[in-house]
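Reader: Hi! I'm new to this one, so please walk me through it in plain words.

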Amino acid sequence: SGSRTGSSALWAGTNHIRPGEVTGAHHHGQLESIIYVVSGTALMRWGERLEFITKADAGSFLLVPPYMPHQELNASDTEDLHCALVRSGTEEVVVNLPDLVPADDPEWITV
């Protein structure tokens, strides 16, 4: 974070999702995010109702635009998912969306 490192424009961190785990729906406010999959396989759902889904293997990048509702899922029941994240602000912003009702059958998007 900027308060800890003195960064004036970026935040960076890591994300670890255990096998079979799913994050809650959320967005990062005005921040744009880049996610790099270090190891494992991620599924990313996004959209106003999480109506889109894509798969990202190790070595893949994902872009999350500002205010975009999304959810990360570990696609494996046995392997951890590790990601590196960079955001366009100096502090982490997470806005949880507990009332978001996801689409039943998201549309697959191939990246």
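Author: Happy to! One word first: two residues are in contact when they have heavy atoms within 4.5 Å. The model is predicted, so local features need pLDDT of at least 70 and side-chain atom pairs pLDDT 80 or more, while totals for chains, interfaces and linings use all residues. Residues are numbered from 1 along each chain as its sequence is written, and side-chain values use heavy atoms, without hydrogens or water.

Reader: Okay, let's try that out. What is Glu-21 in contact with, apart from its neighbours within four places in sequence?
Author: Three residues: Glu-72, Leu-73 and Asn-74 are in contact with Glu-21, once those neighbours are left aside.

Reader: And where does Glu-21 lie?
Author: In the loop between β1 and β2, with β2 covering residues 26–27. Strands here are DSSP runs of E, at least two residues long, numbered from the N terminus.

Reader: Is Glu-21 buried or exposed?
Author: Neither! Glu-21 counts as partly exposed because its relative accessibility is 39%: buried means under 20% relative accessible area, exposed over 50%, and partly exposed lies in between (1.4 Å probe, protein chains only).

Reader: How many residues separate Glu-21 from Glu-79 in sequence?
Author: They are 58 residues apart in sequence, and their C-alpha atoms are 11 Å apart in space.

Reader: Let's switch to the strands. What are the two faces of β8 like?
Author: β8 runs over residues 81–87. Leu-81, Cys-83, Leu-85 and Arg-87 make up its covered face, while His-82, Ala-84 and Val-86 sit on the uncovered one. In a regular strand, side chains alternate between the two faces of the sheet.

Reader: Which way does β1 run relative to β8, parallel or antiparallel?
Author: Antiparallel: β1 (residues 11–17) is joined to β8 by seven bridges. Two strands count as paired if DSSP finds at least two bridges between them. In this pairing Trp-11 stands opposite Arg-87.

Reader: How many bridges join β3 to β8?
Author: Six, and β3 (residues 33–39) also runs antiparallel to β8. One example to look for is Val-37, whose bridge partner in β8 is Cys-83.

Reader: Arg-87 has come up already. Is Arg-87 buried or exposed?
Author: Arg-87, which is part of β8, is buried, because its relative accessible area is 5%.

Reader: Which side chain does the side chain of Arg-87 make a polar contact with?
Author: With the side chain of Glu-92, at 3.4 Å. The side chain of Arg-87 also has a polar contact of 2.9 Å with that of Ser-33. A polar contact is a pair of N or O atoms within 3.5 Å; within protein, one must be able to donate a hydrogen and the other to accept it, and residues adjacent in sequence count only if both atoms are side-chain atoms.

Reader: What else does Arg-87 touch?
Author: Leaving out residues up to four places away in sequence, Arg-87 touches several residues, including Ala-9, Leu-10, Trp-11, His-28 and Leu-31.

Reader: Now the partner. Is Ser-33 buried or exposed?
Author: Ser-33 belongs to β3 and is buried, because its relative accessible area is 3%. Beyond four places in sequence, the residues that Ser-33 touches are His-28, Leu-62, Leu-63, Val-64, Val-86 and Arg-87.

Reader: Any empty space to look at? Which residues lie nearest the centre of the largest pocket?
Author: Asn-15, His-28, Glu-72, Leu-85 and Arg-87, out of 13 residues in its lining. β1, β3, β7 (70–74) and β8 are the elements that each give two or more residues to this lining, and β1 gives the most, with three. On a 1 Å grid over the protein atoms alone, a pocket is an open set of points with protein on both sides within 12 Å along at least five of seven lines, a cavity is a set where a 1.4 Å probe fits but cannot get out, and lining residues have an atom within 4 Å of a point.

Reader: And which residues line the largest cavity?
Author: Ile-35, Ala-42, Leu-43, Met-44, Leu-62, Glu-72, Leu-81 and Cys-83. Two elements, β4 (41–46) and β8, give two or more residues to the lining of this cavity, with β4 supplying the largest share, three residues.

Reader: Last topic: backbone oddities. What phi does Leu-50 have?
Author: A positive one, about 55 degrees, although Leu-50 is not a glycine. Most residues other than glycine have a negative phi. Leu-50 lies in the loop between β4 and β5 (52–57), and is buried, with a relative accessible area of 0%. Tyr-67, in the loop between β6 (61–64) and β7, has a positive phi as well, about 60 degrees.

Key:
Helix = DSSP H or I, 4+ residues; strand = E, 2+ residues; numbered from the N terminus.
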